[in-house]
Amino acid sequence: MRIVTLVENTCGHEGCIAEHGLSIYIETEKHKLLLDTGQTDAVVKNAEVLGIDLFLVDTVILSHGHYDHSGGILPFSQVNHTAKIIMQRKATEPHFNGERYIGIDTDILKLPDVQLIDGDVQLDDELFLFSGIIGRRCYPQGNHKLSRMENGVQVPDDFAHEQCLVIKQNDKYWLLSGCSHNGILNIIDRYIEIFGNVPDYVITGFHMMKKEGEHTEEEKAVIIQTAQELSLMNTVFYSGHCTGIPAFELMKNVMGNQLIALHTGLGIQLEK
């Protein structure tokens, strides 16, 4: 299994482009796939720099309906015309940060291989998608500014459009989420409900991003509590993007080597 961060907010490989967004490239025994595509054509340019042939990708999973995860889909589609693009149906709804539209480009829905799904789906014996995350403990505070359109009115986003990818490989389980808008603890609770145990590895943003000194004491307490609970699990976490450097450092102080930073262009290579 091979995993490479194609797009992330920070750069870890000369010649790659960093941007506010996330895209993870994964090779399994049966698949070459992308989780998200960043916000621009950086996903295509970085793949070329890193020697990754996007033409061979068979599946794109969109974690949720925001521009910084879906914006690279149209540039990707110019390179690859056959990959399945799988998203929750609710990911196609309009989404906002305040008054600013942050949803997907609706031209994506005109592509021939887009598959809209509702809820959990077993794709095959390697790949499983789940949503239906309803817990709210240690809920990310940044969500309070985010909304969706319902019957012509902006209402608080419930993130029903967020889905998580589970990959089973060599008796190990990987859990991947774009931003963990529903809260990583609630996502893992849902995972345990389905699989009965914690995952071996997790790759996700934690949606805690603020600049240095901007977190309130309440927000810091939530971040530290989250890290303390994660540290009790027999799981390795890879995080970046919407986690933000100040929050990452707070969590790192608690989790130590159990928490590893993502950077554009850097990979995770596992033995078969």
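Two strands count as paired if DSSP finds at least two bridges between them. With that in hand, the hairpin of β11 and β12 is a handy place to start in this predicted model. Strand β11 covers residues 146-150, and β12 covers residues 153-156. The two run antiparallel and are held in register by 4 bridges, one pairing being that of Arg-148 with Val-155 in β12. There are 2 residues between the strands, and in this hairpin Asn-151 takes a positive phi near 55 degrees.

Strand β11 has another partner to look at, namely β6, residues 95-97. Here too the strands run antiparallel, this time with 3 bridges, and Phe-96 sits opposite Ser-147 of β11. As a rule, side chains in a regular strand alternate between the two faces of the sheet.

On to the helices. Helix α4 takes in residues 184-195, 12 residues in total. At 1.5 Å a residue it should span 16 Å, and its end C-alpha atoms are indeed 16 Å apart, so the expected and computed lengths agree. Its buried residues are Ile-184, Leu-185, Asn-186, Ile-187, Ile-188, Arg-190 and Tyr-191. They pack against quite a list of elements: the strands β10 (127-130), β13 (164-169), β14 (172-176), β15 (201-203) and β16 (236-239), plus helix α5 (217-231). Right behind α4 comes Gly-196, with a positive phi near 85 degrees.

Helix α1, residues 42-50, can be read in much the same way. Ala-42, Val-43, Val-44, Asn-46, Ala-47 and Leu-50 are its buried residues. Their cover includes the strands β1 (2-7), β2 (23-27) and β3 (32-35), along with helix α3 (73-79). Just after α1, Gly-51 has a positive phi of about 75 degrees. In general, an α-helix has 3.6 residues a turn, so residues three or four places apart point the same way.

That leaves the cysteines. The structure holds 0 disulfides, a disulfide being a pair of cysteine sulfur atoms within 2.5 Å. For Cys-138, the closest cysteine sulfur belongs to Cys-242 and lies 16 Å away, so the two are too far apart for a bond. Cys-138 is nonetheless buried, with a relative accessible area of 15%. Cys-164 tells a similar story: its sulfur is 11 Å from the closest cysteine sulfur, that of Cys-179, which is too far for a bond. Cys-164 is buried as well, at 0% relative accessibility.

How values were computed: Residues numbered from 1 in each chain as written. Predicted model: local features only at pLDDT ≥ 70, side-chain atom pairs only at ≥ 80, totals over all residues. Heavy atoms only, no water. Expected span 1.5 Å × (residues − 1). Buried < 20%, exposed > 50% of the residue type's maximum accessible area, 1.4 Å probe, protein only. Contact = heavy atoms within 4.5 Å.
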